[in-house]
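Please open the model in your viewer and keep a selection tool at hand, since the tour below moves from one selection to the next.

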Amino acid sequence: MALHLRPVAPQQGARWVRQGFRAFMLRPMGFCALLLGFFFTSLLVSVLIPLVGSVVSLMALPLLSLGFMVATESALRGGPVHPGQLVEPLVRSKARRGTLLKLCALYGVVTLAALLLSELVIGDAWEHLRALYASGQQATPEQVKAVTEDPRLVGGLGLQAGLIALLSIPFWHAPALVLWGEQGVAQSLFSSTLAVWRSKGAFAVYSLVWLALTIVAGTLAALVFGLLGMGQFAPVAALPLALMGMTVFYASLYFTFTDSFGAADTPATPA
């Protein structure tokens with residue numbers, strides 16, 4: 001695949017979201033099976049191999065995004081979408097397989113380090129929060145406020161979110177650059193960082209649109225069930241909406257890549 005790095009206009013960020021929805025509608029069951037297959041496998045591995053399985057699942061996240069890119073490309077060409085596409089990149093080429101596995105291992109290590117660092121900041125604030133809700137007693141507003149506004153909890157969660165966001169930049173396009181651009185680990189991370197920076201306006205709009213959709217979906221679910229007098233069921237209804245939103249998000253990643261690198265032989269994309 002011929003790749004040519006190019007900047008993307010800010011308004012393209014909203015179009016990526018629309019393209020993700022339209023690609024999802026081409027193979028909705030297949031895309032959902034892809035995401036649920038990954039979640040089920042990760043859960044199974046975590047149960048069978050405690051601790052180590054969780055780390056392996058963390059390392060596999062770059063393969064999840066790349067598997068969705070492969071699936072989206074297939075859907076746009078009229079092909080199938082299935083869970084097997086999660087491992088398809090690993091069987092295409094021995095050389096790329098090794099690079100992808102190194103990239104996954106690096107992602108797992110740096111992400112785990114970020115999570116551990118934030119845990120050090122949070123300290124035992126999480127335990128106080130768990131104990132408050134596990135006590136079985138009605139917590140007073142003052143108790144809830146004291147725990148949830150603990151500077152360690154707020155600072156640790158903020159640090160975690162910031163570190164994960166920063167880490168996503170070099171790894172955003174890296175798996176696809178390895179698969180389709182035949183780049184090495186270091187080159188793919190650098191190219192991804194450069195591409196995201198050059199298209200930062202589009203990615204800002206992209207993030208804001210997803211944030212707005214998340215808020216609107218949650219608010220509507222709470223409002224509808226509140227009017228029906230079943231407010232306690234709102235989180236249950238929000239779960240399938242969240243899963244669909246996550247599936248569409250991953251389906252949209254392909255368009256962020258093709259627009260950023262101008263692949264010459266990509267299939268026609270929905271407008």
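The stops below run from the whole chain to its helices, its core, its pockets and a few single residues.

**The whole chain**

Begin with a cartoon view, bearing in mind that this is a predicted model. The protein has 13 helices and 0 strands, so that, read along the sequence, its pattern is α-α-α-α-α-α-α-α-α-α-α-α-α. If you colour by accessibility, buried residues account for 38% of the 271 residues. Among contacts between residues at least 6 apart in sequence, 77% join residues at least 24 apart.

**Helix H4**

Select residues 61–76, which form helix H4. From its first C-alpha to its last, H4 reaches 23 Å over 16 residues, close to the 22 Å expected at 1.5 Å a residue. Because 15 of its 16 residues are buried, H4 is largely enclosed by the rest of the structure. Within this helix, pick Thr72, which is buried with a relative accessible area of 0%. Apart from neighbours within four places in sequence, Thr72 is in contact with Ala23, Phe31, Ala251, Tyr254 and Phe255. Then step past the end of the helix to Gly78, which follows H4 and has a positive phi, near 85°.

**The nonpolar core**

Next, show the side chains of the largest nonpolar core, which has 48 residues and in which Phe31, Trp180 and Tyr206 touch the most other members. H4, the helix just visited, gives the most to this core, with 9 residues. Centre the view on Tyr206 and display what surrounds this residue: leaving out residues up to four places away in sequence, Tyr206 touches Gly13, Trp16, Val17, Trp172, Phe249, Ser252, Leu253 and Thr256.

**The largest pocket**

Which residues lie closest to the centre of the largest pocket? This pocket has a volume of about 1100 Å³, and of the 33 residues that line the pocket, Trp172, Trp210, Met246, Phe249 and Tyr250 are the closest to its centre. Trp172 and Phe249 will be familiar from the previous stop, as both are touched by Tyr206. To see the walls, select H4 together with helix H6 (94–122), helix H9 (151–172), helix H12 (200–227) and helix H13 (234–261), each of which supplies at least two residues of the lining. Colouring the lining by class gives 26 nonpolar residues, 7 polar and no charged.

One of these helices, H9, deserves its own selection: this helix has 22 residues and reaches 31 Å from first C-alpha to last, close to the 32 Å expected at 1.5 Å a residue. The buried residues of H9 are Leu153, Gly156, Leu167, Pro170, Phe171 and Trp172.

**The second largest pocket**

Move now to the second largest pocket, with a volume of about 330 Å³. Its lining comprises 18 residues, and those nearest its centre are Phe38, Thr41, Val56, Ala60 and Leu63. Helix H2 (28–48), helix H3 (52–59), H4 and H6 each supply at least two residues of this lining, with H2 giving the most, 5 residues. By class, the lining holds 14 nonpolar and 4 polar residues and no charged ones.

**Three single residues**

Select Leu112, placed in helix H6. Is this residue buried or partly exposed? Leu112 has a relative accessible area of 30%, and therefore counts as partly exposed. Leaving aside neighbours within four places in sequence, Leu112 is in contact with Val55 and Leu58, while its C-alpha lies 9.3 Å from that of Met59, a residue 53 positions apart along the chain.

Go on to Phe257 in helix H13, which counts as buried at 0% relative accessibility. If you add Leu3 to the selection, the two C-alpha atoms are 10.0 Å apart in space, although Phe257 and Leu3 are 254 residues apart in sequence.

Finish at Glu182, in the loop between helix H10 (174–181) and helix H11 (185–198). Most residues other than glycine have a negative phi. Glu182, which is not a glycine, nevertheless has a positive phi of about 55°. With a relative accessibility of 59%, Glu182 counts as exposed, because the cut-off for that class is over 50%.

How values were computed
Residues numbered from 1 in each chain as written. Predicted model: local features only at pLDDT ≥ 70, side-chain atom pairs only at ≥ 80, totals over all residues. Heavy atoms only, no water. 1 Å grid on protein atoms, 1.4 Å probe; cavity = no way out; pocket = protein on both sides within 12 Å on 5 of 7 lines; lining within 4 Å. Points joined across faces, edges and corners; volume = space filled by probe spheres on them. Helix = DSSP H or I, 4+ residues; strand = E, 2+ residues; numbered from the N terminus. Nonpolar A, V, L, I, M, F, W, Y, C, P; charged D, E, K, R; others polar. Core = buried A, V, L, I, M, F, W, Y, C linked by side-chain atoms within 4.5 Å. Buried < 20%, exposed > 50% of the residue type's maximum accessible area, 1.4 Å probe, protein only. Contact = heavy atoms within 4.5 Å. Expected span 1.5 Å × (residues − 1).
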